[in-house]
Amino acid sequence: MSAAAAVATLKTVLVGCGGMGKHQAQLLSSLEGYKLAAVCDAYEPNLKAVSEAHGVKAYKDFAEMLATERPDVAAICTQNTLHAPMTIQAAQAGVRGVYCEKPMATNMADAREMVRICRERGVKLVVNHQRRIGADLLEARRIIEAGGLGEIKLVRGQCAGDMLSDGTHLIDSVLFLLGDPEVAWVSGMLHRELDVDLLAKEQRRVFKDLPVDPEQARKQKEVQAGQRYGHAVETGGFGILQLKNGVRFEFACGDLRDAARAYQDYEVIGTRGRLWRTGDRAKPNLFIGDARGGTWDAGMESGIGFKPVPVKDGGAGPWRPVDISPEDKGGIDGSYRKFHKTILEDVPHPMSGEVALRGFEALMAVYESARLGRPIILPLKQDRFPLDVMLEAGRA
Ligand SMILES: NC(=O)c1ccc[n+]([C@@H]2O[C@H](COP(=O)([O-])OP(=O)(O)OC[C@H]3O[C@@H](n4cnc5c(N)ncnc54)[C@H](O)[C@@H]3O)[C@@H](O)[C@H]2O)c1
């Protein structure tokens, strides 16, 4: 009888012991193949709470932790402005892998640099867009790839919060659903309504009896401060991504979203049907309206666009929930399991730095379009965070 092969253990350190760091430290303490050796935070109470909870060493300085511990993996859970510098610091200190929170950076120059340095040094970089491995998105992508919606024409999505912290999930998820196509050009607009809560005053006037989704309300309150995770934010943003495969993706964030919908809500519209993901938390949250459901007919060939099939003609039936495979175990823990194989067996990770970079460039281009008031053809030439440039010029 042969004993099961021992799983190689990756010595891991984590920086940033706030909400997300606490969660990841918990996962890393129990995941096979990882040994959480130390944590770091500049804020003593957070550092103490997480280091004591897991009985691991505590550092106030990231460089010192890297030099002393010589870890295999660094998990980066600090605020957005520190993701790129800390990824680069860890790569230069000789780690084998960096598990970095989203968004990967706060400007294009940093994002390109962190990917370049990791590639050059053979460091595996993952950016935590964990919805990419969620069972609902995997099933949605299977349906799309199998032609279940015909030819995809349009995607519409929305979420509360700012485009950098919340829109990044939206863009990443939609690009994943469409097979990670290239982006041809983008257009965007944004505003900062710091004193007026448009959500509360206007949206609720429109949707009179709408119950407030606490997750969306909390995020919207955070962006109302004008500053979040170490950088300036807008309170509302809108973008169009024209993909090279002909699909268009339109999204609204913050107070420009439809308040009647939940966080991370998107619809994929094809010539023979459509999929609707109705947010993160609803169960079920994935619905299909196809030829059987009879929601939409393809009018594209005739050039008249989409048209609903009336119920009397056998169409416009209700949305049907999609069965989600219980096989697909997503989540951040699932992502870390994949990361173990990425580091030790060179298996590509679905949330790699290279993959994240494409969505990030589109996102930065939305800001740049808002700054310049015109569409941006990629590749993006602006290295800085365009919102900072706007604010310096007294705009937004
Ligand atoms: N993937 C997701 O779904 C998801 C969800 C929530 C948050 N996030 C991301 O996780 C990150 C952290 O979010 P959070 O809500 O935990 O934030 P947080 O503010 O609660 O935690 C950040 C921590 O970093 C620490 N820190 C700041 N500067 C430091 C330094 N120089 N050295 C060491 N520690 C330092 C802070 O003291 C704080 O404890 C953000 O980038 C956010 O975008 C991702």
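**Figure 1. Burial and contacts across the predicted chain.** In this predicted model, buried residues account for 46% of the 396 residues in the chain. The chain's secondary structure amounts to twelve helices and 19 strands. Contacts between residues at least 6 apart in sequence were also sorted by separation: 69% of them join residues at least 24 apart.

**Figure 2. The open six-stranded sheet.** Six strands form an open sheet with parallel pairing. Their order is β3-β2-β1-β4-β5-β6. Strands β3 (57-59) and β6 (124-127) are the edges, and each pairs on one side only. From one strand to the next, the twist averages 20°.

**Figure 3. Pairing of β1 with β4.** This view moves to one pair within the sheet order, where β1 is followed by β4. Strand β1 covers residues 10-15, and strand β4 covers residues 73-76. The two pair in the parallel sense. Four bridges link them. T12 has V73 of β4 as its bridge partner.

**Figure 4. The shell around the ligand.** The ligand has 24 residues around it. Of these, G16, G18, G19, M20 and Y43 come nearest. Helix α1 (residues 19-30) supplies the largest share of the shell, three residues. By residue class, the shell divides into ten nonpolar, eleven polar and three charged residues. Glycine is counted as polar here, so G16, G18 and G19, among the nearest residues, fall in the polar class.

Key. Residues are numbered from 1 along each chain as its sequence is written. This is a predicted model: local features need pLDDT of at least 70, side-chain atom pairs count only at pLDDT 80 or more; totals for chains, interfaces and linings use all residues. A residue is near a molecule or strand if its C-beta atom, placed from the backbone, lies within 6 Å of it. Two strands pair if DSSP finds at least two bridges between them. Axes are lines fitted to C-alpha atoms, for helices over the stretch in contact, and angles run from 0 to 180 degrees between N-to-C directions. A residue is buried if 20 or more other C-beta atoms lie within 10 Å of its own, exposed if 12 or fewer, and partly exposed in between; C-beta atoms are placed from the backbone. Two residues are in contact if their C-beta atoms, placed from the backbone, lie within 7 Å.
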